[in-house]
Amino acid sequence: AGLNNRALIAKQSSTYRGHASTHASVMSSPAPTFPSRAFVQGFDGAPAKDYECVVHELEALGVPVEVLETEAFKAHALPSLSRRHLVVGDFEWTRSALAQLGVPMPTPPDYPECLTHLLHRKIWQSTLKEVHDLLETREGGPPIFIKPSAETKA
């Protein structure tokens with residue numbers, strides 16, 4: 001069951017926190033298959049534990065997957081890396097792959113606008129003082145995770 005380039009209409013019903021929704025998507029023109037190949041960070045010849053499910057899904061879609069040891073990746077550039085390839089690995093892998101492609105690292109917060117509905121959380125830029133003041137004045141609510149905005153976290 002590989003990917004194909006036919007036009008399609010897809011409907012998906014999902015439930016998130018008790019709310020059912022239906023999404024419809026229409027692709028009107030064929031697009032190149034992405035990814036055409038994947039490079040995945042591995043250890044001792046196997047994908048890193050965090051990436052096993054990604055490898056499983058890619059293989060189910062017929063995408064060729066190459067698992068590379070971190071040392072091999074550091075020593076050599078990824079073979080024939082292109083923008084149609086997917087790189088799955090830690091922060092260092094991402095930076096190296098983007099550098100090899102000549103793509104600058106995005107400025108945080110770097111979540112694509114079209115995917116923000118999938119985050120299921122509010123993301124905003126603030127100062128440490130503003131967050132401190134918010135925590136001092138609010139009662140309850142979900143936890144707040146903060147990280148530096150000037151540099152992407154490794």
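Okay, so this chain has four helices and six strands, where helices (H or I, at least four residues) and strands (E, at least two) are DSSP runs, numbered from the N terminus. Going along the sequence, the pattern reads β-β-β-β-α-β-α-β-α-α.

Quick caveats. This is a predicted model, so local features need pLDDT of at least 70 and side-chain atom pairs count only at pLDDT 80 or more, while totals for chains, interfaces and linings use all residues. Residues are numbered from 1 along each chain as its sequence is written, and side-chain values use heavy atoms, with hydrogens and water left out.

Overall numbers next. Out of 154 residues, 17% count as buried; buried here is under 20% relative accessible area, exposed is over 50%, and partly exposed is in between, with a 1.4 Å probe and protein chains only. For contacts, meaning heavy atoms within 4.5 Å, take those in the chain with a separation of 6 or more: 54% of them come from residues 24 or more positions apart.

Now the inside. Which residues make up the largest nonpolar core? There are seven: Phe39, Leu68, Phe73, Leu78, Leu81, Trp93 and Ala97. By nonpolar core I mean a set of buried Ala, Val, Leu, Ile, Met, Phe, Trp, Tyr and Cys residues joined through side-chain atoms within 4.5 Å. There's also a second, separate core of five residues, with Val40, Tyr51, Val55 and Val88 among them.

Let me stay with Trp93, which sits in helix α3. Trp93 counts as buried because its relative accessibility is 1%. Leaving out neighbours within four places in sequence, Trp93 is in contact with Phe39, Val40, Gln41, Leu68, Glu69, Thr70, Phe73, Val87 and Val88. Val40 is 53 residues from Trp93 along the chain, yet their C-alpha atoms are separated by 9.2 Å. Phe73, with the same kind of neighbours left out (those within four places), is in contact with Leu78, Glu92, Trp93, Ser96 and Ala97.

On to α3 itself. The buried residues in α3 are Phe91, Trp93, Ala97 and Leu98. Looking down the axis of α3, these buried residues fall within an arc of 160°, so they line one face of the helix; the arc is taken from the directions from the helix axis to the C-beta atoms. As a reminder, an α-helix has 3.6 residues a turn, so residues three or four places apart point the same way. What covers the buried residues of α3? The cover includes β3, β5 (65-69), α2 and β6 (85-88).

The ends of α3 are worth a look too. At the start, a side-chain oxygen of Asp90 comes to within 3.2 Å of the backbone nitrogen of Glu92. That's a polar contact, defined as a pair of N or O atoms within 3.5 Å; within protein, one must be able to donate a hydrogen and the other to accept it, and residues adjacent in sequence count only if both atoms are side-chain atoms. Just after α3, Gly102 takes a positive phi of about 75°.

Then there are two residues that have positive phi without being glycine. Asp44 is at about 55°, in the loop between β3 (37-43) and β4 (46-47). Is Asp44 buried or exposed? Asp44 counts as exposed, because its relative accessible area is 77%. His120 is also at about 55°, in the loop between α3 (91-101) and α4 (128-137), and at 40% relative accessibility His120 counts as partly exposed.

Back to Asp44 for a second: Thr70 is 26 residues from Asp44 in sequence and 9.8 Å away, C-alpha to C-alpha. Thr70 lies in helix α2, residues 70-75, and at 10% relative accessibility Thr70 counts as buried. Not counting residues up to four places away, Thr70 touches Gln41, Gly42, Phe43 and Trp93.

Another buried polar one: His85, in strand β6, has a relative accessible area of 14%, so it counts as buried. The His85 side chain reaches the backbone oxygen of Ser80 at 3.4 Å. Beyond neighbours within four places in sequence, His85 is in contact with Phe34, Pro35, Ser36, Arg37, Phe39 and Ser80.

Last bit, rings. Lys122 lies over the face of Trp124, at 4.7 Å from the ring centre; the cut-off is NZ of Lys or CZ of Arg within 6 Å of the ring centre and within 35 degrees of the ring normal.
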